[in-house]
Amino acid sequence: MAENYDKIAKYYDKLSRFIFAKAQVNAQINQLHYISKGSKLLIVGGGTGWILEEISKIHSSGLTIVYIELSKKMIILSKSRNRKQNRVEFIHQSIEDYDTRHSFDFILTPFLFDNFSRQQAPLVFDKLHHFLKNNGKWFMVDFTLEYKSGQWWKSLMLKSMYLFFRWFRMIQVSELIEMKPYFLKRNYLIVEESFYYRNFIRATIFLKSK
Ligand SMILES: C[S@@+](CC[C@H](N)C(=O)[O-])C[C@H]1O[C@@H](n2cnc3c(N)ncnc32)[C@H](O)[C@@H]1O
């Protein structure tokens, strides 16, 4: 896949904070207290890896984390993060190509699904669904257009972001796929749902129930 975030890796966090202030960060940090001691996590599309430091502030040891990133530069930045005594396996690969016999207690996909087309999104969803243990939790954070208020500025912002990311050949897609229906169809329960940036960012904790 030619498209990836290498070009922007060094500036990604600054750009995110410039546009969204702390909204993208808070949406993710506020979910982390659900992580239980000694658990096994799969993080897909963790970016520069700042989330590893935040997780390690909550659990300084005992976690096993598999960290999948498509961008080589993002992986390099992530490796320099202080993850304390937690075990992190960094994998430079697209989630589409990744396979494992292991299953996970928690799956984190922060701002990952906005990178996928209508064809890719359900395939990645199904794959991750199978990697998650029963009663495991999936931390889903992404943009949403579900709330009708402010639809015009949210659509405009989304279009501009997609244009920018496509222009720099970081992504190929141009529309946001709402993932919530996929979770509901698979009988996930919503443990917590919070909104940020005037309801433009949704952070949901889904529980996989049988
Ligand atoms: C929008 S950024 C979000 C980064 C980070 N989660 C954050 O919130 O700061 C999306 C990240 O997902 C990674 N990514 C995109 N498509 C991917 C794929 N198919 N497999 C694995 N990682 C992917 C990108 O390299 C990028 O680092």
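1. A residue counts as buried if 20 or more other C-beta atoms lie within 10 Å of its own, as exposed if 12 or fewer do, and as partly exposed in between, with C-beta atoms placed from the backbone. Helices (H or I, at least four residues) and strands (E, at least two) are DSSP runs numbered from the N terminus. By the first of these criteria, six of the seven residues of strand 7 are buried, so strand 7 is largely enclosed by the rest of the structure.

2. On provenance: this is a predicted model, in which local features need pLDDT of at least 70, side-chain atom pairs count only at pLDDT 80 or more, and totals for chains, interfaces and linings use all residues. Residues are numbered from 1 along each chain as its sequence is written.

3. Seven strands make up an open sheet of mixed pairing, in the order 3-2-1-4-5-7-6; two strands pair if DSSP finds at least two bridges between them. Strand 3 (85-92) and strand 6 (189-196) are the edge strands, each pairing on one side only.

4. Strand 7 (residues 201-207) runs antiparallel to strand 5, and seven bridges join them. In this pairing K137 is opposite L207. Strand 6 also pairs with strand 7 in the antiparallel sense, over seven bridges, and S194 stands opposite A203. The hairpin of strand 6 and strand 7 has four residues between the strands, and Y197 there takes a positive phi near 50°.

5. Helix 5 (residues 120-131) has 12 residues and should span 16 Å at 1.5 Å a residue (1.5 Å times one less than the number of residues); its end C-alpha atoms are 17 Å apart, which agrees. Its buried residues are A121, V124, F125, L128 and F131. Seen down the helix axis they fall within an arc of 120° (taken from the directions from the axis to the C-beta atoms), so they line one face. D126 and H130, on the other side, are exposed. The cover over the buried residues includes strand 1 (40-44), strand 4 (104-110), strand 5 (132-143) and helix 7 (180-185).

6. A nonpolar core is a set of buried Ala, Val, Leu, Ile, Met, Phe, Trp, Tyr and Cys residues joined through C-beta atoms within 7 Å. The largest has 41 residues, of which L41, L42, I43, I65, F104, I107 and F139 touch the most other members. Strand 5 gives the most to this core, with six residues. Apart from this core lies another, of five residues, including Y5, M74, I75 and L77.

Key:
Two residues are in contact if their C-beta atoms, placed from the backbone, lie within 7 Å.
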